[in-house]
Amino acid sequence: MRANTRNLPAVFADVAVPFPLFQTFTYSVPESIRNGLAPGCRVLVPFGARYLIGLATKVHHLARPGKVKPVRQILDREPLLSPALLKLGLWIASYYLAPPGEALRVMLPPGLLARKVTLDQDGRLQKVWPAQRRLAVVEITSAVAKLTERQREVLELLRKRTLPVLVQPFLREVGCSQSVLYGLTSRGVIRTEAVETYRSPWSQSETSPQVTKHSLNSDQNRILKKIEQHLAADQFRSLLIHGVTGSGKTEIYLNAIATALARGRSALVLVPEIGLTPQISHYFRAWFGKEVAILHSALSDGERFDQWRRIREGQARVVVGTRSAVFAPLPDLGIIVVDEEQDSSYKQDELPRYHARDVALKRGEIEKTLVILGSATPQLETFYHAVHGGSLEYEILSSRILKRPLPKVHLVDMREEFQRLGKATVISQALREAIVPRLSRREQVLVLLNRRGYASALLCRSCGSTEMCENCSLSLTYHQGSNRLLCHYCGYVKAVPKRCGECGREYIHFLGHGTEKVQVILKELFPEAAIDRLDRDTVQRKGSSEKILGAFASGHTDILIGTQMIAKGHDFPRVTLVGVLSAEQALRMADFRAAERTFQLLTQVAGRAGRGEHPGEVIIQTYFPNHYSLKHARSQDYRLFFEEEIRFRRNFHYPPFTALANIMIQGRPQKKTQLQAKQVADLLLHHRSRLSAQRRMRVLGPAQAPIEKLKGDYRFQILIKSTSRKELHEVLESALDELNQKGVTWKKPSIDIDPINLL
Ligand code: ADP
Ligand code: ZN
C-alpha cells in the first residue's frame, strides 16, 4: 500500500494570505488531509512565526523551487468561493493591481480569514466558523406519565412544531418559564442541543409590506420584453437603461427579477445607499418577501455572516445591497442590476480599489448573466460605451410616469443679486418668494447645499490667516451645534479660539456657510415652518436618517435642508420646490470630473421635485451661471451636456479616451516623500521606455496632490494616462515587481486604477 501512494504526485496549494502582499504562497498538502481540498477552501498554514487562515487559490502538482511548508489543516469541506467568484477575485487582484489576499478578503464576510490564530493543544483550530449557536429542542423522545399540567401543555405545543425549535423565542412566544422546559429535559421527555442559527436583521414574524404593482406603460414594456429575451438566452449581455428621474426604472427591475426567479435563477441588485433610500428595500420585500436578503453597512458582523450563509444555501434568491454585495454568493445567478450606476459610492477608496459596477459587469461575463445598469445621468464613460458600439446596449425612458412633466429649472445669477442688493445673500429673493406659496399650500421644499457645518472657515481679518487642521492642508469648519472647529477629512477637533493663532488679534470672522447656518437663516425667514436638516452631523446625532426622512415623508417637516444625501433616489410626492445653493461648489475642485459631478448632482436633486400630482420647480443659485454643466442642468439635457463634456475629455486625454491610473505616494517628512515620488516616477518612465510606449502613455508628475497633506502625511501623485489599457498594466506591473524586489521600506505607493477621486 505504502509503495503505491508514494508514486502519487505530490500536491501543493497556492494560498492567498490576508496581508497586503502582491503574491500567493505555495504550501505542500500532506497526504493525510489531501482529500477535499479544492480552490476556494480556507486553509490553516504557518506563516513566519505564526499561523494564519488563508484561502487556497490553486491546487496543483508543480511546486516552486525551494522548501515549502505543509498546510496544517483544511478548514472547509466545501469551497467558500465558487470557481466563478474565485475567478472574479483573482481578476480584481490583477485588474486593480491589488494584493490577492486583500481582493479575496473583501468577498467574504468579515472574520473568515485571519492574520493570526491560536491553536488548541493538538495544534488544531477549533472554531472555524463564526456561526451563532443557540439552544433548541431537537427531539421529543417519549412522554412519561408524571407530568404537570403545564408541562403537558407545553409538550403538546412542541409536538405541533417542526423541530428544532429555538428555546428562548419559544418560551417567550408561549409565555412559559424556563423551569417548565427544564422539567421536561430532566425527565428525558425532550432533548435540547445547541444548533447553528441565523441572526436575522428583522424578526421572523415580520410580514412583508404591500405595494401596488403597476401595469407597465409602453416604454417600460418595450424594455422588459427585451430583457426577457436576454434572460432566455442565458448569456452575458449588458444593457444601460437611461431613464429620466421618475420614469419607472425600479418597476422594470422588479418585473425583470420576477422573470429571472420564475426561470429558477437568482438576482443581485446593487444600490448606492440603503439607509437613505428605504423605499428600495420596501419595494423588493413587498415583491419577493422572505426571499430577499438586504446587505448594508449597518449589519453586525454576525448578521452579515448569516445573510451570506443564507444566500449561499439558496434561501435568499434576491440580494439587494451596497457595494460589497456584488460578491454575494448567489447560486444560479441570472440577473444583476446596478441602479444609479454613476454613483461614486460604488468605488472603494481603500484596498482593493474596485468599482462595483465594473466588477458586476465582469461577474456577468464570468457567470453568463444579464447585467442591467440604470441611471438618469449615466457616467460619461458608460454612456459613451453604450452609444458608440461596444457590447453595452442602450435603452431610453425619456418621459416620466403618467406623462408627469419634468420640473422647470431656473438659474439665479448670484453676481447680479449681489450687485442689486449691495450685499451677499444666502437665500436669493427668487428662492424666498418661491418658498412662501409652498408653505401656505402645505407643499414641501428641499434645499441642497453640499457643505455641512456652519461656516466653512475661520478667517482672521487682521492678518488673513485661516484656522487650519494640524494634520491636513485644509481649513477647519466651524460647527455651531457642537461649538467647535472640525476637520472633515481626519476628524481633528479644536475649540474655537478667541484670538487669531497667527497674529494674536481678535478680528476673527466666520467665512462661508454650510447647512447648519442655512438652517438658522431659513428659520429666521420662515419662523412658522418646520425645518429639518439631513447631513452627516444630524444623521450621527439623531442616530438615524430614517427618522428625519420619515418625518419629511409624513409631512411633519415643511423644509428639509441637506447635503447630497437629499439628492438620492427619494420619492416624495409632495415636494414641489427644490432650491440649490452654491451650485458651482464642486467646480472649484481640481478634478476632471467636477463638471460631470455638478451636472449629475443637479439633475438628481431636480428629479426630486414634482414627482406627485403637482408639477415641480427648481431654483439653482450660482456665481457661474454660464458654465456648461449649469446651463445643461437647467435644460436637463443630458445629450447636450455629454457632447460638450466629451469634447473636453478628448482634448485633454481623459477617460473614456484614455485609461487612467493615479499613484499616490504618502509619507513624512515632506522632502523625503517627494524624493520617493520622484523615484517612482523615474521607475515608471524607465518601464514605459522598455515598452516603447511613449506616444501612447503619459506619465504626469510627481505633483503635490490637491490635498497636499492628509492625516499628517505629505502626498504626491503621479497620473498615468494611456490609450492602451494593456500597456498601462504592463508598465505598472513591471514597475511594481521591481519595487517589491527592491523591498522598499517606506510606505508603498497606492495605485488607483480608473480613479474616481483625484484629490
Ligand atoms: P425611477 O427609479 O426611474 O426614478 P420609480 O421606479 O421610482 O422611478 O417610479 C416613480 C414612481 O412611479 C413610483 O412611485 C412608482 O411606483 C410609479 N410607477 C412606476 N411605474 C408605473 C406605472 N407603469 N404606472 C404608474 N405608476 C408607476
Ligand atoms: Zn485633518
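Are Lys-347 and Asp-752 buried or exposed? Keep that question in mind while you select the two residues in this predicted model, and you will find that Lys-347 is buried and that Asp-752 is buried as well. The two form a salt bridge, in which the closest N and O atoms are 2.9 Å apart. Lys-347 sits in the loop between β13 (333–339) and α11 (356–367), whereas Asp-752 belongs to strand β30 (residues 750–753), so this pair ties together parts that are 405 residues apart in sequence.

Next, select Glu-365 and Lys-362, which form another salt bridge, with their closest N and O atoms 3.4 Å apart. Both of these residues lie in helix α11, where three residues, or about one turn of the helix, separate them. Glu-365 is partly exposed, since its relative accessible area is 40%.

Now move to Glu-506 and Arg-499, a salt bridge whose closest N and O atoms are 3.0 Å apart. Here Glu-506 counts as exposed, at 54% relative accessibility, while Arg-499, at 45%, counts as partly exposed. Salt bridges can also share partners, and to see this you can select Asp-219, Arg-222, Lys-226, Glu-393 and Glu-395, which are joined in this way into one network. The count for the structure comes to 46 salt bridges.

The zinc ion (ligand 2) is the next stop. Show the side chains of Cys-469, Cys-472, Cys-487 and Cys-490, and you will see that the SG atom of each coordinates the zinc ion, at 2.2 to 2.4 Å. The angles among the four donor atoms run from 101 to 116°, and the site is tetrahedral. For comparison, the ideal angle for four tetrahedral donors is 109.5 degrees. If you follow the donor residues along the sequence, their spacing reads C-x2-C-x14-C-x2-C. Cys-487 is buried, with a relative accessible area of 3%, but Cys-490 is partly exposed, with a value of 26%.

Stay with cysteines for one more step, and select Cys-503 and Cys-460. The cysteine sulfur closest to that of Cys-503 is the one in Cys-460, and because the distance is 3.6 Å, it is too far for a bond. Cys-503 counts as partly exposed, at 32% relative accessibility, whereas Cys-176, which you can select for contrast, counts as buried at 10%. The structure as a whole holds zero disulfides.

Finally, turn to the surface and select Phe-418, Tyr-623 and Phe-624, which make a nonpolar patch of about 260 Å². Phe-418 lies in helix α13 (residues 414–421) and counts as partly exposed, at 40% relative accessibility.

Key: Residues are numbered from 1 along each chain as its sequence is written. Chains are lettered from A and ligands numbered from 1 in the order in which they are written. This is a predicted model: local features need pLDDT of at least 70, side-chain atom pairs count only at pLDDT 80 or more; totals for chains, interfaces and linings use all residues. Side-chain values use heavy atoms; hydrogens and water are left out. Donors are N, O and S atoms within 2.8 Å of the metal (3.2 Å for Na, K and Ca); water is not among the atoms, so sites may look incomplete. Four donors count as tetrahedral if all angles lie between 85 and 135 degrees; four count as square planar and six as octahedral if opposite donors are over 155 degrees apart and all others between 65 and 115; anything else is irregular. Buried means under 20% relative accessible area, exposed over 50%, partly exposed in between (1.4 Å probe, protein chains only). Patches are made of residues with over 30% relative accessible area and no salt bridge: like charges are joined within 9 Å, nonpolar side chains (Val, Leu, Ile, Met, Phe, Trp, Tyr) within 5 Å. Accessible areas come from the Shrake-Rupley method with a 1.4 Å probe; for residues, only the protein chains shown count as cover. A salt bridge is a side-chain nitrogen of Lys or Arg within 4 Å of a carboxyl oxygen of Asp or Glu. Helices (H or I, at least four residues) and strands (E, at least two) are DSSP runs, numbered from the N terminus. A disulfide is a pair of cysteine sulfur atoms within 2.5 Å.
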